[in-house]
Amino acid sequence: MALTTPTAYRSPGLWRRLRSGNLTEAQLGIILLIPAAAVLLLVMFWPIVQVLWQSLHFERLNLPARGRPFIGLEHFQRMLWGTEMAWSPQHLLGWRLLAFAAVGGLWWGTGRGTVRRRTAVIWTVVALLVAGLWMGFHPGEAGRWGDARFWNAFSITLLVTVASVAGSFLVGLPLALLANVESRWRWLVRIALLIPWAMPRVLVGIMFAWLFNSTNGVINDVLRRLGVEGPLWLARADPAIWATNITIVWATSAFVGLILLAGLQSIDESLYEAAMVDGASPWQRFWQITLPLLRPSIAVALIFRTLTAIQTYDIPYAMTRGGPGRTLETLGIYVANTTNSLNLGYAAALSVALFTMSLAVTVLYLRWIYADD
Amino acid sequence: MRRTLAFIAILALLASGLAQTQLKVYIGGQQRPDVIGPLLEQFNAENPDIVVTFEVGGATSELQQQYLNTVLTSRSGDIDIFLIDVIRPAQYAASGWAEPLNQFFASDAAMMAYLEDFLPGPIEANLIDGTLYALPAFTDAQFLYYRADLLEKYGFEPPTTWDELKMMALTIQQQEGDPNLQGFNYQGANIEGTVCTFLQALWTAGGDWVDDAGSVTLVTPEARRALAWYDDTLASGITVQNIAEITTDLSRRQFQAGNVVFVLNWGFAWAHFQGSSDVPTAVAGLVGVAPLPSFEGFDSATCIGGWQWAINPYSANTDAAWRVLEYLASPDSQRVLAVEASNIPARKSLYDDPAVLAAAPHFASFYDVIINARSRPVTPFFSDVSLAIRVPMNAFFARQLTADEALREMQQGVEDALDF
């Protein structure tokens, strides 16, 4: 009788487990993720890689004889730097160099733990804003580097982002608070929150262009009845910036409101009861309980709002097509105009710039959120 | 039994379908699919070996172009024939996006003889260095529409110079005493039409955007005169101050509501004014149409519009497509388009055609304008040139740029667009 030597237990191969349905949880998880990951790779990462690759090539469809030569970073040089670099005093003394220097120092400091991360993030945002706005709105061509139209679009994008994100929080937070109050009229506020959110942006743009129309529009008609001569909203640069931002705020504060409302509803009532027992005023309750507990929701709303604001295209296009002149030509509109002019190479480079802005903002926010960890 | 018969019928249809050449035509929503559809049905009935279907998309010239950009960039042959705006053939020729049509004629002389009946403007756009890239489907131009009743009331004939127009507009505005009555309306928004607003004033001052040697000439006394005229329309009050937000359709609506004495607009506006419109009209039967005025001593001029039939070079059936193209550009088809869709014919012979004139008597007065219509810059870089002109124009109307600044910006922009 031969002794059967005990063989070491061999776990069955993946294929066997797959057939028998005997998978570990991790294996099952990976298998279930494969289709989604494949789709993501195909529809997200592949286009991103393609746009990056495209941005390194010259391609103008109305110049087919030139073909599609590889030109390296030439598009980015044209965009950011220009082909003829002039070191005039204005260039050197521009605020932007100081600002960028400050950013570098701060980030180095955070790395060494000498500067608090949150301070560094705030300073970075402020410095980039100052630098960015200065780039675009610097008086005279001498102070500019590279493609003046790009810097103009860049600054407008920053301006629209800051104004409309701040605006949508100023409107969205009170709306969310209102919608959270137990009242007979709560349904009204909730509907008011849902309608702008559900409306297509282009429709909103066209609708508000009519409202703001300076001769036939409702807004100026109301002002006229009150005895005030309203501005030529969309026919002058400054009021057009206001009108467009008001429209964007109208259309987007609902989104902020909805997310904040969800956050408000998750706050435990007993906290307020305890605070009331301790004699806290409504104001104190708001600052000490509501706002701190709302922080995760605020962060989520802020990230999504900022990212959509950076990519703003629909409302300014529908209202003024980026006009008057180039007053509201955001980066998104510039990309679309360049694509329609069939300059696919440069359009790809501009898209990369837009993508970089979104990425930078996301990284900054993530750092802010995890600042305390 | 019945079901079997139906099945056999479907099979037969499929089989015949396989033997036939399948072609697809792409048109925009604004080009009356309800009229072009039956026209293609008739072609199918007459030509059993070809089956033409059509696809509709895009409500404006820009949107149609964006769709075709996608199709042609990917070298797709799904669409065999498409309609393109009169401003596009040069770009299509450069990009190789339109099949050259010379090959379908016995000789170039035969081709020129065939083109004889077409209006000169559209042919100028479609014939690039002796190669024909498209056939005109119908044409268009900017016209001066005026309130015939008001002009008659004050004993005015339609103006032939801009000064006359200003004088008449001011007189009528003052005498009527209606603060809502605008003297003169045109397009100043950031749209394609604003390019025409600029060029028309430039041409009627004897200038052009480019000289015979091909250099861009936008900072010239003629161009300054053109912008000085628009400054004057705003300063004298014959034009509304918010002209920077006036689009083609907005200006059509304001005239239609009875609020404007003179308006520059395209051919489509006529039918709206007469009551075939989405909004009520206050001016039915009160509208006159005339060539654009000019500056003293110069000729009238206007921007040409309209659409062209072209063949996709990536199509597998260009020969069959040519037969459809010939059919669509024929006098009979253009007559149908004129009578049923009020499209302005691109063939001279149709302007004294009884059927056309019975349906659209105003075409007779359009002819004098159409025959003198001029092309916007014929260049493969038209999209860039257009932006380089209309953006500073729009800023000028928004009082952001002075006339000189706007012209300098235009000059620079157009030079950059042509410098590649």
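**Exercise 1. The two domains of chain B**

Task: In this predicted model, determine how far apart the centres of domain 1 and domain 2 of chain B lie, and describe the contact on the side of domain 1.

Solution.
Step 1. Taken over C-alpha atoms, the centres of domain 1 of chain B and domain 2 of chain B are separated by 31 Å.
Step 2. The contact involves 15 residues from domain 1 of chain B and 14 residues from domain 2 of chain B.
Step 3. On the side of domain 1 of chain B that touches domain 2 of chain B, the elements giving two or more residues are α4 and α16 (363-371) of chain B. The largest share, five residues, comes from α16(B).
Step 4. Sorted by class, this side of domain 1 of chain B has eight nonpolar, six polar and one charged residues.
Step 5. The bounds to mark on the structure are 2-133 + 305-371 for domain 1 of chain B and 141-301 + 376-418 for domain 2 of chain B.

**Exercise 2. The overall form of chain B**

Task: State how many helices and strands chain B has, and explain why chain B counts as being as compact as a globular protein of its length.

Solution.
Step 1. Chain B contains 18 helices and 11 strands.
Step 2. The radius of gyration of chain B is 23 Å, and the globule rule gives 22 Å for 420 residues. The two values are close, so chain B is as compact as a globular protein of that length.
Step 3. Along the principal axes, the C-alpha atoms of chain B fill a box of roughly 80 × 50 × 40 Å.
Step 4. Of the 420 residues in chain B, 48% are buried.
Step 5. Among the contacts in chain B with a separation of 6 or more, 71% join residues 24 or more positions apart.

**Exercise 3. Where chain B touches chain A**

Task: Identify which element gives the most to the side of chain B that touches chain A.

Solution.
Step 1. The contact brings together 30 residues of chain B and 23 residues of chain A.
Step 2. Elements that give two or more residues to this side of chain B are α3 (61-73), α4 (89-95) and α17 (382-397) of chain B.
Step 3. The answer is α17(B), which gives the most, with seven residues.
Step 4. By class, this side of chain B has 15 nonpolar, 12 polar and three charged residues.

**Exercise 4. Strand β3 and its partners**

Task: Decide whether strand β3 of chain B is mostly covered or exposed, and find the strands with which β3(B) pairs.

Solution.
Step 1. Strand β3 (residues 81-85) of chain B is mostly covered, since five of its five residues are buried.
Step 2. Ile81(B), Leu83(B) and Asp85(B) point one way from β3(B), while Phe82(B) and Ile84(B) point the other way; all are buried.
Step 3. One partner is strand β1 (residues 21-27) of chain B, which pairs with β3(B) in the parallel sense over two bridges. Here Tyr26(B) stands opposite Phe82(B).
Step 4. Another partner is strand β10 (residues 302-311) of chain B, which pairs with β3(B) in the antiparallel sense over five bridges. Leu83(B) has Trp309(B) in β10(B) as its bridge partner.
Step 5. Leaving aside residues up to four places away in sequence, Trp309(B) touches several residues, including Ile81(B) and Leu83(B) of the strand just described, as well as Ala134(B) and Leu325(B).
Step 6. In the largest nonpolar core, which has 190 residues, Trp309(B) is, with Leu350(A) and Tyr145(B), one of the residues that touch the most other members. Helix α7 (residues 148-180) of chain A gives the largest share of this core, 13 residues.

**Exercise 5. Buried or exposed?**

Task: Classify Arg321(A), Asp129(B) and Gln265(A) as buried or exposed, using the limits of 20 or more C-beta neighbours for buried and 12 or fewer for exposed.

Solution.
Step 1. Arg321(A) lies in the loop between α14 (314-320) and α15 (331-340) of chain A. Arg321(A) has 20 other C-beta atoms within 10 Å and is therefore buried.
Step 2. Asp129(B) lies in the loop between β4 (127-128) and β5 (131-132) of chain B. Because Asp129(B) has 5 other C-beta atoms within 10 Å, Asp129(B) is exposed.
Step 3. Gln265(A) belongs to helix α11 (residues 237-265) of chain A. Its 11 C-beta neighbours inside 10 Å make Gln265(A) exposed.
Step 4. As a further check on the backbone, phi is near 55 degrees for Arg321(A), a positive value in a residue other than glycine. Phi of Asp129(B) is near 50 degrees, also a positive value in a residue other than glycine.

How values were computed: Residues numbered from 1 in each chain as written. Chains lettered and ligands numbered in written order. Predicted model: local features only at pLDDT ≥ 70, side-chain atom pairs only at ≥ 80, totals over all residues. Helix = DSSP H or I, 4+ residues; strand = E, 2+ residues; numbered from the N terminus. Rg over C-alpha atoms; globule rule 2.2 N^0.38 Å. Contact = placed C-beta atoms within 7 Å. Nonpolar A, V, L, I, M, F, W, Y, C, P; charged D, E, K, R; others polar. Pairing = 2+ DSSP bridges. Core = buried A, V, L, I, M, F, W, Y, C linked by C-beta atoms within 7 Å. Domains from an automatic or database assignment.
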